[in-house]
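Dear colleague,

Please find below the structure that I am handing over to you. After it, I set out what was found.

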Amino acid sequence: MTDFEGTRVVPIRTRKCPMCGALETEAYRPFCSKRCADLDLARWFNESYRVPAVEEDDPDDDDRGA
């Protein structure tokens with residue numbers, strides 16, 4: 001994207017806070033405030049965020065018993 005003088009113009013992107021949906025602020029990016037950033041950190045500490053995993057049996061274990 002260029003302006004009328006041929007220089008490059010970078011569009012300003014506005015993102016929403018992942019916690020409350022308000023616009024993010026530069027100081028607490030990607031959050032809108034310290035409160036939302038702290039709430040997100042508390043969720044990590046309380047292990048509220050988890051990645052589901054399915055543990056599979058090791059195929060080498062079957063060979064050892066025979």
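**Findings**

The chain exposes about 6500 Å², and carbon and sulfur atoms supply 52% of that area. Please keep in mind throughout that this is a predicted model.

**The chain as a whole**

The chain holds two helices and zero strands. Of its 66 residues, 8% count as buried. Among the contacts in the chain with a separation of 6 or more, 5% are accounted for by residues 24 or more positions apart.

**Helix α1 and the residue Asp40**

Helix α1 covers residues 34-45 and α2 covers residues 59-65, with a loop between them. Does the span of α1 agree or disagree with what its residues should give? At 1.5 Å a residue, the twelve residues of α1 should span 16 Å, and the end C-alpha atoms are 16 Å apart, so the two agree.

Asp40 lies in this helix, α1. Asp40 is buried and yet has no salt bridge. Which side chain of opposite charge is nearest to Asp40? It is that of Arg43, at 6.0 Å, whereas a salt bridge requires the nitrogen and oxygen atoms to lie within 4 Å. Apart from its neighbours within four places in sequence, Asp40 is in contact with Met19, Phe31 and Tyr49.

**A nonpolar patch**

One of these contacts of Asp40, Tyr49, also belongs to a nonpolar patch on the surface, together with Leu41, Trp44 and Phe45. The four residues have about 470 Å² of accessible area together. Tyr49 is placed in the loop between α1 and α2. Tyr49 counts as partly exposed because its relative accessibility is 31%, and partly exposed means a value between 20% and 50%.

**Salt bridges**

How many salt bridges does the count give? The count comes to three, and I describe each in turn.

- Lys34 and Asp38 are joined through their side chains, with 3.1 Å from N to O. Both residues lie in helix α1, four residues apart, which is about one turn of the helix. Lys34 counts as partly exposed because its relative accessibility is 46%. Asp38 is likewise partly exposed, since its relative accessible area is 37%.
- Arg29 and Glu26 meet in a salt bridge with 3.7 Å from N to O. Both of these residues are exposed.
- Arg50 and Glu47 form a salt bridge in which the closest N and O atoms are 3.5 Å apart. Arg50 is exposed, because its relative accessible area is 65%. Glu47 has a relative accessible area of 48% and is therefore partly exposed.

**Two points in the backbone**

Two of the residues in these salt bridges deserve a second look for their backbone geometry.

The peptide bond that runs from Arg29 to Pro30 is cis, with omega near 5°. Pro30 is found in the segment before α1. Arg29 is thus at this bond and is also a partner of Glu26 in a salt bridge.

Glu47 is found in the loop between α1 and α2, and it follows α1. What is the sign of phi at Glu47, positive or negative? Phi is positive, near 60°, and Glu47 is a residue other than glycine. The loop that holds Glu47 is also the place of Tyr49. When you view the model, you may wish to locate Glu47 together with Arg50, its salt-bridge partner.

Yours faithfully,

A colleague

Note on methods: Residues are numbered from 1 along each chain as its sequence is written. This is a predicted model: local features need pLDDT of at least 70, side-chain atom pairs count only at pLDDT 80 or more; totals for chains, interfaces and linings use all residues. Side-chain values use heavy atoms; hydrogens and water are left out. Buried means under 20% relative accessible area, exposed over 50%, partly exposed in between (1.4 Å probe, protein chains only). Contact means heavy atoms within 4.5 Å. Accessible areas come from the Shrake-Rupley method with a 1.4 Å probe; for residues, only the protein chains shown count as cover. Patches are made of residues with over 30% relative accessible area and no salt bridge: like charges are joined within 9 Å, nonpolar side chains (Val, Leu, Ile, Met, Phe, Trp, Tyr) within 5 Å. Lys and Arg count as positive and Asp and Glu as negative; His and the chain ends are not counted. The expected span of a helix is 1.5 Å times one less than its number of residues.
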